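Me: I am new to this structure and would like a close look at a single part of it. Please take me through the place where the domains of the first chain come together, and go on from there to whatever adjoins that part.

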Amino acid sequence: MAFNSHRDFFQVLEREGELARVKKEVDWDGEVGAIGRKTYESQGPAILFEKIKDYPEGYMISNGTTGTWSRVALSLGMPRRATVRQIYKEYETRVAEKIPPRLVGKGDAPCKENIMLGDDVNLYEFPMPLIHEGDGGRYVGTWDIVINEDPETRWQNWGMYRFMAHTKNWLTGWPQTTSQFAFIMNRSYLPYNKPMPVAIVLGADPLSHIIATAGIKPFENESFYVGGLRGEPVDLVKCETSNLLVPAHAEIVIEGEAMPDQIAPDGPFGEYPGYRSGTMCAGVAVRVKAITYRSKPLVTMIALGTPPDDSSIAASLTAAVAMKEGLLRHNVPITDVYVPPEGVTHLIVIGVTKGGTETTRKILDFFTRRRVMTNKHIVVDADVDVFNMAEVLHCFATRCHPGRGILYEWYEGRSNSLTPFYNPEERKKLKGCSVAFDSTWPPEWEKEIVPIKASFNTIFTKEMIEKVNSNWESYGIKL
Amino acid sequence: MKEWQTFVRRFSDMTEGKRELFIKDLTPGTAKYDTKHVIAVVARSATGLTDPNILWIRGESGEKAVEPWYIAIEQVMKEDCVPGKPWEDVLDAVAKRAK
């Protein structure tokens, strides 16, 4: 049975030894972020901070809910030792089926237990963390689901974008200009100078947050994919101040309007590529009209930074599956796609059944033709396990010809301005460059000249392999 | 002295004199980092300022300038934001208003 909320999920995490409850009082001003960061960097557990300085008893902050592959596995109801390949496969299978959400009334929506409206709205009543010292503000929206709607088609987009407190009833945030949030705002609100209703959701069920990171196609509702992933519908309830539908079991729902004609500073913020780099004061301003929340509410935080963390793990999963689907639709002969969390979606590994320059160029064209979030692509042969980075590195080191095997593509107007190595001008103009490393044997080479990999399974006869395997114990070598 | 914080792209962008800016309240408590939109006189020294507060400057990657500046707030604006389109540079928008 699927988890309805973070609270259900924490029970399982605790049982599996994947949750630490911090009962000591901690400071929302830098301390929770520092603890969260150190824990990520030590591959530690999810954290529930149960006592927050300045805040009433019961108000909590969490970190790292699905910040490791084992916790992602648990969120899917899989054994915690499931391999990355198994998790990818399970995710891929489940999201192929879409299950529409179920609309519930206020009485069945724990997120409506408490309601602040209008002049009563006060974001500072919640323990919003200052995550990294030197951030532009207190980021209440890190592990969040941001919902907005295209009024013409009624498509409700879910995305994960950063939002910080500006004042007690204003947020500022930075969905990228190439995001679906921006697409809807530019298409349906800015031309008419209309504010756009927005809901920022904290602490829904864990799979809803994972799907919010996915690059689902425009005009497709993420809530349907959440249903497929859960194996049952997600419960949604209508907002107080708009027609947006939000997860009914969420901890906190911040309802507001993104303004078409007012701006205020956002950022800087230590972001998912693992750096805090110059992207600030170029976002959106949201006037908050209502906050609904559960009693003893939980602010779901991720102390974003160097990988791995929830962001890099979720993006690895959702992006890889989406990329694989896209490449197959474009007739690229792939075996699989891996997005190593360490590469923070900047680096992708693509396995192909037929390599060479033409395939590599097709892959580079696929990744650069629209919004470009990635920039380095290692293309490997089918005999390389894309999930095994040691094999991938060996393949890259030994098969990518420096003179013939590196393909580039420059572009403008669609790069990822969070990319740390872009200079300020490139970030402003969304200029960028992507590269593909053809690490495959040229398909035109005759079989006799293709090097044979000197590994146990490839350079010995089948008979010898069988003989050694069947006699292994008798050799007395413990592996 | 009360302490505030503001962000600029480069430390050299901060100049002495009267200006419009957004400042963050560093007073401990639940409203720490609340933003005020102000008209203020900013200077490297508190000398000559009326009721000066400390103003810390941070650059666009969040790095803090070593030495504090000082600020005398003349007016707290009613508007929490400035006119502009989403994704426009707020600092440029404020600078244009000054001209």
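Reply: Chain A is divided into domain 1, covering residues 6-301, and domain 2, covering residues 330-443. What follows describes a predicted model, in which the centres of domain 1 of chain A and domain 2 of chain A, taken over C-alpha atoms, are separated by 30 Å. Where these domains touch, the contact takes twelve residues from domain 1 of chain A and eleven residues from domain 2 of chain A. On the side of domain 1 of chain A that touches domain 2 of chain A, the residues divide into four nonpolar, six polar and two charged.

The part to look at closely is helix H8 of chain A, made of residues 310-329. H8(A) has 20 residues and reaches 29 Å from its first C-alpha to its last, which is close to the 28 Å expected at 1.5 Å a residue. Just after H8(A), A:Asn331 takes a positive phi of about 60°.

On the other side of the helix in sequence, A:Pro307 lies in the loop between strand E17 (298-301) and H8 of chain A. This proline counts as buried because 22 other C-beta atoms lie within 10 Å, where 20 or more are needed. Leaving aside its neighbours within four places in sequence, A:Pro307 is in contact with A:Gly274, A:Ser312, A:Pro341, A:Glu342 and A:Val344. A:Pro307 and A:Pro273 are 34 residues apart in sequence, yet their C-alpha atoms are 7.9 Å apart in space.

The next step is from the helix to the core. The largest nonpolar core has 152 residues, and those that touch the most other members are A:Ala199, A:Val201, A:Val246 and A:Leu317. Helix H8 of chain A gives the most to this core, with seven residues. Domain 1 (6-301) and domain 2 (330-443) of chain A both give residues to this core, so the core lies between them. As a broader background, nonpolar side chains tend to be buried together in soluble globular proteins.

A:Leu317 shows how one member of the core is surrounded. Leaving aside its neighbours within four places in sequence, A:Leu317 is in contact with A:Val72, A:Ile87, A:Tyr88, A:Tyr91 and A:Ile210.

One of these partners, A:Tyr91, is found in helix H4 of chain A, made of residues 84-95. A:Tyr91 counts as buried because it has 23 C-beta neighbours inside 10 Å. Again leaving aside neighbours within four places in sequence, A:Tyr91 is in contact with A:Leu317 and A:Val321. A:Tyr91 and A:Leu76 are 15 residues apart in sequence, and 8.2 Å separate them in space, C-alpha to C-alpha.

Finally, chain A also meets chain B, in a contact that takes 29 residues from chain B and 33 residues from chain A. Strand E2 (17-25), strand E6 (82-83) and helix H1 (90-98) of chain B each supply at least two residues of the side of chain B that touches chain A. The largest share of that side, three residues, comes from H1(B). By kind, the residues of the side of chain B that touches chain A divide into twelve nonpolar, six polar and eleven charged. Strand pairing also crosses between the chains, for two bridges join strand E15 (residues 262-263) of chain A to E6(B), and these strands run antiparallel. Within this pairing, A:Ile263 stands opposite B:Val82 in E6(B).

How values were computed
Residues are numbered from 1 along each chain as its sequence is written. Chains are lettered from A and ligands numbered from 1 in the order in which they are written. This is a predicted model: local features need pLDDT of at least 70, side-chain atom pairs count only at pLDDT 80 or more; totals for chains, interfaces and linings use all residues. Two residues are in contact if their C-beta atoms, placed from the backbone, lie within 7 Å. Helices (H or I, at least four residues) and strands (E, at least two) are DSSP runs, numbered from the N terminus. Ala, Val, Leu, Ile, Met, Phe, Trp, Tyr, Cys and Pro count as nonpolar, Asp, Glu, Lys and Arg as charged, and the others, Gly among them, as polar. Two strands pair if DSSP finds at least two bridges between them. A nonpolar core is a set of buried Ala, Val, Leu, Ile, Met, Phe, Trp, Tyr and Cys residues joined through C-beta atoms within 7 Å. A residue is buried if 20 or more other C-beta atoms lie within 10 Å of its own, exposed if 12 or fewer, and partly exposed in between; C-beta atoms are placed from the backbone. Domain bounds come from an automatic or database domain assignment. The expected span of a helix is 1.5 Å times one less than its number of residues.
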